[in-house]
Amino acid sequence: MSERTLVLIKPDGVRRGLVGDVIGRIERKGLKIVAMELRTLDADTAKAHYAEHAERAFFGELVEFITSAPLVALVVEGPRAVEAFRALAGLTDPVKSAPGTIRGDHALEIGENVVHGSDSTDSSAREIKIFFPDRF
Ligand code: DAT
Ligand code: MG
């Protein structure tokens, strides 16, 4: 059964010229891009997106970073798209991520780990509504 996930190519990924790499991996996997936009987030949108982390010590830094420069937001669709993209992305900690994954190939720091992918279909529904309120 087809599902949708929200993918972000975070400001570090855009700044480092990794948009093509990430999109290429999504397409080669067979997932379909059904929405895509380059934009700079305002603080309220960033806080809404990361609401589950509001009490964490790194929340301020996280909001600062994700609003610091343009990111690319995508809605990606396919069979088990949530799990499929999380597998492409690798683990939250890039050093623990296997080479061959986006984070395993491109990052060293937890705070600058190139991409976001929704962690469940409940999360993807919530996140897609934040980024593309009128589209789905
Ligand atoms: P993921 O992005 O793999 O879903 P998460 O939802 O636990 O990970 O955290 C969201 C983002 O917050 C993560 O991509 C980077 C940042 N983050 C998580 N844990 C962190 C930590 N211990 N220190 C700094 N930033 C952290
Ligand atoms: Mg998460």
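Ile 9 stands opposite Val 115 in E4. One residue earlier, Leu 8 stands opposite His 116, also in E4. Both pairs belong to the antiparallel match between strand E1 (residues 2–9) and E4, which runs over three bridges. The model is predicted.

**The sheet**

E1 has another partner. E1 and E3 also pair in the antiparallel sense, here over eight bridges. In that pairing, Arg 4 has Glu 77 of E3 as its bridge partner. The sheet as a whole is open and has four strands, in the order E2-E3-E1-E4, with antiparallel pairing. Which strands stand at the edges? They are strand E2 (32–39) and strand E4 (115–117). Each has a single partner strand, so one side of each is left without a neighbour in the sheet. Neighbouring strands are turned by 20 degrees against each other on average, direction ignored.

How many of the eight residues of E1 are buried? Six are, so E1 is largely enclosed by the rest of the structure. In a regular strand, side chains alternate between the two faces of the sheet.

**Glu 77 in strand E3**

Glu 77 sits in strand E3. Glu 77 is partly exposed, because 16 C-beta neighbours lie inside 10 Å. Leaving aside neighbours within four places in sequence, Glu 77 is in contact with Ser 2, Arg 4, Leu 31, Lys 32 and Val 34. Arg 4 is the bridge partner already named. Lys 32 is 45 residues from Glu 77 in sequence, yet the two are 5.1 Å apart in space, C-alpha to C-alpha.

**The whole chain**

The protein has seven helices and four strands. From the N terminus on, the elements run β-α-α-β-α-α-β-α-α-β-α. The radius of gyration is 14 Å, close to the 14 Å that the globule rule gives for 136 residues, so the protein is as compact as a globular protein of that length. Along its principal axes, the C-alpha trace spans about 35 × 35 × 25 Å. Buried residues make up 35% of the 136 residues. Contacts reach far along the sequence. Among those between residues at least 6 apart, 70% join residues at least 24 apart.

**Annotated positions**

An unreviewed UniProt entry carries the annotation "binding site". According to that record, the annotation covers Lys 10, Phe 58, Arg 86, Thr 92, Arg 103 and Asn 113. Two of these positions are described here.

Phe 58 lies in the loop between helix H3 (43–49) and helix H4 (59–66). Is Phe 58 buried or exposed? Phe 58 is exposed, because 12 other C-beta atoms lie within 10 Å.

Arg 86 is in helix H5 (residues 81–89). Arg 86 counts as partly exposed, because it has 18 C-beta neighbours inside 10 Å. Not counting residues up to four places away in sequence, Arg 86 touches Gly 117 and Asp 119. Strand E4 (115–117) ends at the number of the first of these contacts.

**Two positive phi angles**

Most residues other than glycine have a negative phi. Two residues go against this pattern. Arg 80 has a positive phi of about 50 degrees, although it is not a glycine. Val 114 has a positive phi of about 75 degrees and is not a glycine either.

Where do they lie? Arg 80 is in the loop between strand E3 (71–79) and H5. Val 114 is in the loop between helix H6 (102–106) and E4. Their surroundings are as follows. Arg 80 is partly exposed, because it has 15 C-beta neighbours inside 10 Å. Val 114 is buried, because 24 other C-beta atoms lie within 10 Å.

**Burial at a glance**

The table collects the residues discussed above.

| Residue | C-beta atoms within 10 Å | Class |
|---|---|---|
| Phe 58 | 12 C-beta atoms | exposed |
| Arg 80 | 15 C-beta atoms | partly exposed |
| Glu 77 | 16 C-beta atoms | partly exposed |
| Arg 86 | 18 C-beta atoms | partly exposed |
| Val 114 | 24 C-beta atoms | buried |

Note on methods: Residues are numbered from 1 along each chain as its sequence is written. Chains are lettered from A and ligands numbered from 1 in the order in which they are written. This is a predicted model: local features need pLDDT of at least 70, side-chain atom pairs count only at pLDDT 80 or more; totals for chains, interfaces and linings use all residues. UniProt positions are given in the numbering used here, feature names are shortened, and annotations may be inferred rather than shown by experiment. Helices (H or I, at least four residues) and strands (E, at least two) are DSSP runs, numbered from the N terminus. A residue is buried if 20 or more other C-beta atoms lie within 10 Å of its own, exposed if 12 or fewer, and partly exposed in between; C-beta atoms are placed from the backbone. Two residues are in contact if their C-beta atoms, placed from the backbone, lie within 7 Å. Two strands pair if DSSP finds at least two bridges between them. Axes are lines fitted to C-alpha atoms, for helices over the stretch in contact, and angles run from 0 to 180 degrees between N-to-C directions. The radius of gyration is taken over C-alpha atoms; the globule rule is 2.2 Å times the number of residues to the power 0.38.
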